[in-house]
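Subject: Structure for you, with notes

Hello,

Here is the structure you asked about. My notes on it follow below.

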Amino acid sequence: MKSLRLTLVSETYTPQVNGVSRTLDRLVRYLASRGDRVQLIIPSYEGVSSVPPTVEKSEWSAFRLPFYKEVLLPVARSATVRRTMEAFCPDIVHIATEGPLGLAALRAARAMGVTTVGSYHTNFAQYLSDYGAGMLEPLSWRYLRWFHNQTCATFCPTPSIRDLLVEKQFDNVRIWGRGVDCGRFDPGKRDPAQRQRLGVGPDDLLIVYAGRLAAEKNLQMLLDAWQMLPRETPCRLLLIGDGPLRGRLEKMADDRVIFTGYRHGEELARLYACGDLFAFPSLTETFGNVILEAMASGMPAVGFDVPGPRDIIRHEATGLIVNEISAYALGNALLKLSASPNSLRAMGTAARRYAEEQTWDNIHNGLLNDYAEIMKNAALQPAASYA
């Protein structure tokens, strides 16, 4: 494929910590390493968004949501975004989020007549009930369907999410999977001294969760399930991450629960490697990058039978899929594995082998092939005129 000029638009990017920002950062760095040209249109963060020197970064002022300060909503006019994109002359525009900046970019790209794709990363419609606004879910789905059906294709991370979007009448849905860096996330980084610094004994079972500490992650159910593990059992629960729910969770948790806040890079990898079992209670994921990172680190994973976990975890091979959505069922799954060290080790080994097959290069090459096919098909269509 010839050198590509891509405009990538997103309302989340590094230094924000989430699966979307890390996935997009991976893509940008991969394209830059190939010699492709990338224009990145993102919010302006207080921390610096580090990008390769060849990437053209355009940052937009934004305001924080008062009830979820990690979320930034940029203020953007489509005419201004259009001028920015026209100066770059992209071959294709990829819009990764559906907020104000994404909407402005969609209108700008349509006015320019440039090939445009979107990606579906977050189940915002399903999040609404976690924030007391469940009655808005049908309206949210209508907006998301309208938004994505204005593009040539919508990329999503798993077959389960593809099936959901097709059911919701999204057009031209394709899968853009996720990989994992098995050099960074490696069980060989397990360090007894690190476990000791965490207050974890050499024979303790360390159960790990990583991700935002927010309502949509269903963490209260995890803490309720945790209470089923008897206090005399040598177990600890490690919560890696931060968010609006942290204060409440700290008040709920017993003294066996460890909060670390956000951790990054090698420090995060070493924390994963300290763990024995990964627990992921979320019900609203599109993928669950942290599950794959945990598996690469040698941990079997436990999650519910919902999109994301069901697409990654192989039941009774690399972890357990819990069919009943309840704290009781989740607690029983944790108890089952905690009582069987041999099964835990075998599943951890299988989880690592599975993760080793999920390479980012294969994922990115597949996406580039899709870009090429979509641009070719768009070129064969009659020219459209947009106001």
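I41 stands opposite S58 in β3. That is a convenient place to start, and the sheet around it comes next. Please keep in mind throughout that this is a predicted model.

First sheet

Strand β2, residues 37-43, pairs with β3 in the parallel sense, over 5 bridges. Both strands belong to an open sheet of 7 strands, ordered β3-β2-β1-β6-β7-β8-β9, and the pairing in it is parallel. At the edges are β3 (56-60) and β9 (173-175), each of which pairs on one side only. From one strand to the next the twist averages 20°. As general background, strands of a sheet pair through backbone hydrogen bonds, either parallel or antiparallel.

A helix from much further along the numbering lies over this sheet: α15, residues 360-380. Helix α15 lies across β1 (5-9), β6 (92-95), β7 (115-119), β8 (154-156) and β9. Its direction is at about 140° to β7.

Second sheet

There is also an open sheet of 6 strands, in the order β12-β11-β10-β13-β14-β15, with parallel pairing. Its edge strands are β12 (257-261) and β15 (319-322), and each pairs on one side only. The twist here averages 20° from one strand to the next. Within this sheet, β14 (residues 301-304) and β15 are joined in the parallel sense over 4 bridges. A301 stands opposite G319 in β15.

Two helices to look at on this sheet are α13 and α8. Helix α13 (residues 327-338) packs on the sheet and touches β10, β13, β14 and β15, with its direction at about 160° to that of β15. Helix α8 (residues 219-226) lies across β10 (205-210), β11 (235-240), β12, β13 (277-280) and β14, and runs at about 170° to β11.

Helix pairs

Three helix contacts are worth going through.

The pair α2 (residues 78-88) and α3 (residues 100-112) packs at an angle of about 60°, with the axes 8 Å apart. That angle makes α2 oblique to α3. The crossing of α2 past α3 is right-handed. From α2 the contact takes S78, V81, R82, M85 and E86, and from α3 it takes L101, A104, A105, R107, A108, A109, A111 and M112. Sorted by class, the contact of α2 with α3 has 9 nonpolar, 1 polar and 3 charged residues.

Helix α3 also meets α5. The axes of α3 and α5 come within 11 Å and cross at roughly 35°, and α3 passes α5 in a left-handed crossing. The residues that meet are G102, L103 and L106 in α3 and Y143, W146 and F147 in α5. By class, the contact of α3 with α5 has 5 nonpolar residues, 1 polar and no charged.

The third pair is α11 (residues 289-296) with α14 (residues 341-356), whose axes come within 7 Å and cross at roughly 115°. The crossing of α11 and α14 is left-handed. L292, M295 and A296 of α11 and A351, R352, Y354 and A355 of α14 make the contact. The residues of the contact of α11 with α14 are 6 nonpolar, no polar and 1 charged.

Aromatic pairs

The count of aromatic pairs comes to 11. Among them, Y120 and W141 are stacked, at 6.2 Å centre to centre and with 15° between the planes. Y120 lies in the loop between β7 and α4 (124-127) and W141 in helix α5 (residues 137-148), so the pair ties together parts that are 21 residues apart in sequence.

Backbone details

Most residues other than glycine have a negative phi, and most peptide bonds are trans. Two places depart from this pattern. The peptide bond from T14 to P15 is cis, with omega near 15°; P15 lies in the loop between β1 and α1 (19-34). Q169, a residue other than glycine, has a positive phi, near 70°. Q169 is found in the loop between α6 (159-167) and β9.

Regards

Methods:
Residues numbered from 1 in each chain as written. Predicted model: local features only at pLDDT ≥ 70, side-chain atom pairs only at ≥ 80, totals over all residues. Heavy atoms only, no water. Pairing = 2+ DSSP bridges. Axes fitted to C-alpha atoms, helices over the stretch in contact; angles between N-to-C directions. Contact = heavy atoms within 4.5 Å. Parallel < 35°, antiparallel > 145°, perpendicular 65-115°, else oblique. Left-handed = near helix turned anticlockwise from the far one by under 90°. Nonpolar A, V, L, I, M, F, W, Y, C, P; charged D, E, K, R; others polar. Phe/Tyr/Trp six-rings, centres within 6.5 Å; stacked < 30°, edge-to-face > 60°.
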